[in-house]
Amino acid sequence: MKLENQTILITSNEPWGDIWYSKQNYAYELSKKNKVIFINPPTQWKTKNIFSNPSIQQGHYNDNLSFINYENFLPIRSNFLNRMNDKWVAKKIKKWLHQQGITDYIVWAFDPNRLYTPKQLGAKYSIYHCVDYYYFQYLGEAELCKNTDLIFSTSQKFLDEYTQFKKPQYIVPHGISSEEFPIDPKELEATTDMGAEDYGLYVGVIDHRMDFDLLEKALQRFSDTPFVFVGPLRLPDRAAARRIFEEKKYANAHIIGPRHFKTLKYYIKKAKFCISFMDMEYHANIVHHHKTLVYLTQGKPIFGPLFTEYVDMKDILYMDNNGEAQLEMLGNFIQNGEDPSLEAKRIAHAKEHTFESVLARANDIIQQHTSHLD
């Protein structure tokens with residue numbers, strides 16, 4: 001079965017919108033050669049749902065990519081209710097798809113919470129793609145591993161958690177769209193809402209995964225350097241987070257909120273450097289940082305901890321698990337710059353990980369295991 005001219009259902013624990021994670025990027029890239037239906041997580045449950053038949057709503061991003069919204073029948077307050085609700089929702093979505101004339105499709109699951117039995121959705125073939133550490137805290141993760149045909153993961157560390165499940169397992173890493181490399185000069189000139197020049201940049205959700213203490217030290221130590229933050233605020237109850245993002249104590253912190261993923265390259269292009277100040281006490285952070293490839297497409301220096309997937313990239317990234325060492329490297333860069341040849345090396349590395357190559361590998365794996373479906 002070739003990964004082309006297929007209909008693919010993607011399940012996601014993060015909804016379709018301007019903020020794109022791995023799921024949205026995979027959906028967009030897969031839609032270039034396939035029909036993709038992106039299944040959003042359910043809207044908030046209401047008591048009336050027990051007595052009604054909640055409808056499914058569909059929206060469109062482009063001709064080949066649509067998204068659907070649905071509601072749960074039951075509140076998810078126990079494993080029993082979870083399983084019952086999941087079965088009913090899957091049956092409803094399958095019926096809706098058949099009413100649209102869609103009867104032949106693959107399920108590509110990124111969501112560890114729900115729709116964890118792809119056959120109930122009517123899938124002819126199914127893939128679970130793990131892109132984060134979930135620690136089996138969700139019922140759906142183990143159920144997906146049991147019920148899916150194939151397991152993909154962005155890291156061997158994730159696959160090591162799945163050795164108990166006797167399913168074919170492969171690394172299919174994060175990718176970057178080839179669209180993220182070229183820069184439109186007019187769009188670049190028009191991107192001015194960051195309110196600063198020669199700035200450090202953080203792109204992504206600003207939440208409990210960030211090392212706010214280290215970030216505050218950077219803002220204090222490099223008070224003449226602007227730091228721009230592009231992304232939604234989901235702040236934890238931490239004093240440093242409040243001082244930076246709520247009290248706005250530091251004049252060099254420019255907090256501009258989220259922007260559409262496809263515009264991020266212009267903010268990155270104008271940046272002097274990028275930061276990945278992640279809290280390594282949070283175990284899910286140790287493997288990789290999702291925005292690294294996006295930063296590298298524009299050849300930017302990145303300062304952060306030593307992620308396990310990037311051990312072989314020490315020549316193009318500034319990494320250390322000691323926060324003070326990260327600040328020292330950043331200070332040296334701000335004062336002295338770096339070897340100009342590093343920019344081209346970073347871009348070349350990013351080009352090795354385009355979705356064209358990532359999906360070509362996924363296609364080869366899928367074809368290897370689906371000859372019975374040809």
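Where is Lys-345 found? Lys-345 sits in helix 12, which covers residues 342-351. I'll come back to that residue, but let me start with the whole chain. Keep in mind that what you're looking at is a predicted model.

Okay, the overall picture. We've got 13 helices and 14 strands in the protein chain. The radius of gyration comes out at 22 Å, and the globule rule gives 21 Å for 374 residues, so this chain is as compact as a globular protein of that length. If you lay the C-alpha trace along its principal axes, the span is about 60 × 45 × 45 Å.

Now, how is the chain put together? Take the contacts with a separation of 6 or more: 70% of them join residues 24 or more positions apart. Buried residues make up 54% of the 374. On the outside, the chain exposes about 16900 Å², with carbon and sulfur atoms supplying 48% of that. As for charge, there are 44 positive and 46 negative side chains, and the centres of those two sets lie 7 Å apart.

Let's go inside. The largest nonpolar core has 116 residues, and the ones touching the most other members are Ile-93, Trp-108, Phe-152 and Leu-201. Which helix gives this core its largest share? That's helix 13, residues 355-369, with six residues. As a general point, nonpolar side chains in soluble globular proteins tend to be buried together.

Next, have a look at helix 4, residues 139-147. Its buried residues are Gly-140, Glu-141, Glu-143, Leu-144 and Cys-145; yes, two glutamates are on that list. What do the buried residues of helix 4 pack against? Quite a list: helix 2 (79-99), strand 5 (106-109), helix 3 (118-121), strand 6 (125-130) and strand 7.

Strand 7 takes us to Ser-155, in the loop between that strand (150-153) and helix 5 (156-159). Is Ser-155 buried or exposed? The relative accessible area of Ser-155 is 1%, and the cut-off for buried is under 20%, so Ser-155 counts as buried. In space, Ser-155 lies 7.3 Å from Glu-309, C-alpha to C-alpha, though the two are 154 residues apart in sequence.

And back to Lys-345, as promised. Its relative accessibility is 46%, so Lys-345 counts as partly exposed. Asp-315 is 30 residues away from Lys-345 along the chain, and their C-alpha atoms are separated by 9.1 Å.

That's my tour, thanks for listening.

Terms used:
Residues are numbered from 1 along each chain as its sequence is written. This is a predicted model: local features need pLDDT of at least 70, side-chain atom pairs count only at pLDDT 80 or more; totals for chains, interfaces and linings use all residues. Side-chain values use heavy atoms; hydrogens and water are left out. Helices (H or I, at least four residues) and strands (E, at least two) are DSSP runs, numbered from the N terminus. The radius of gyration is taken over C-alpha atoms; the globule rule is 2.2 Å times the number of residues to the power 0.38. Buried means under 20% relative accessible area, exposed over 50%, partly exposed in between (1.4 Å probe, protein chains only). Contact means heavy atoms within 4.5 Å. Accessible areas come from the Shrake-Rupley method with a 1.4 Å probe; for residues, only the protein chains shown count as cover. Lys and Arg count as positive and Asp and Glu as negative; His and the chain ends are not counted. The place of a charge is taken as NZ of Lys, CZ of Arg, CG of Asp or CD of Glu. A nonpolar core is a set of buried Ala, Val, Leu, Ile, Met, Phe, Trp, Tyr and Cys residues joined through side-chain atoms within 4.5 Å.
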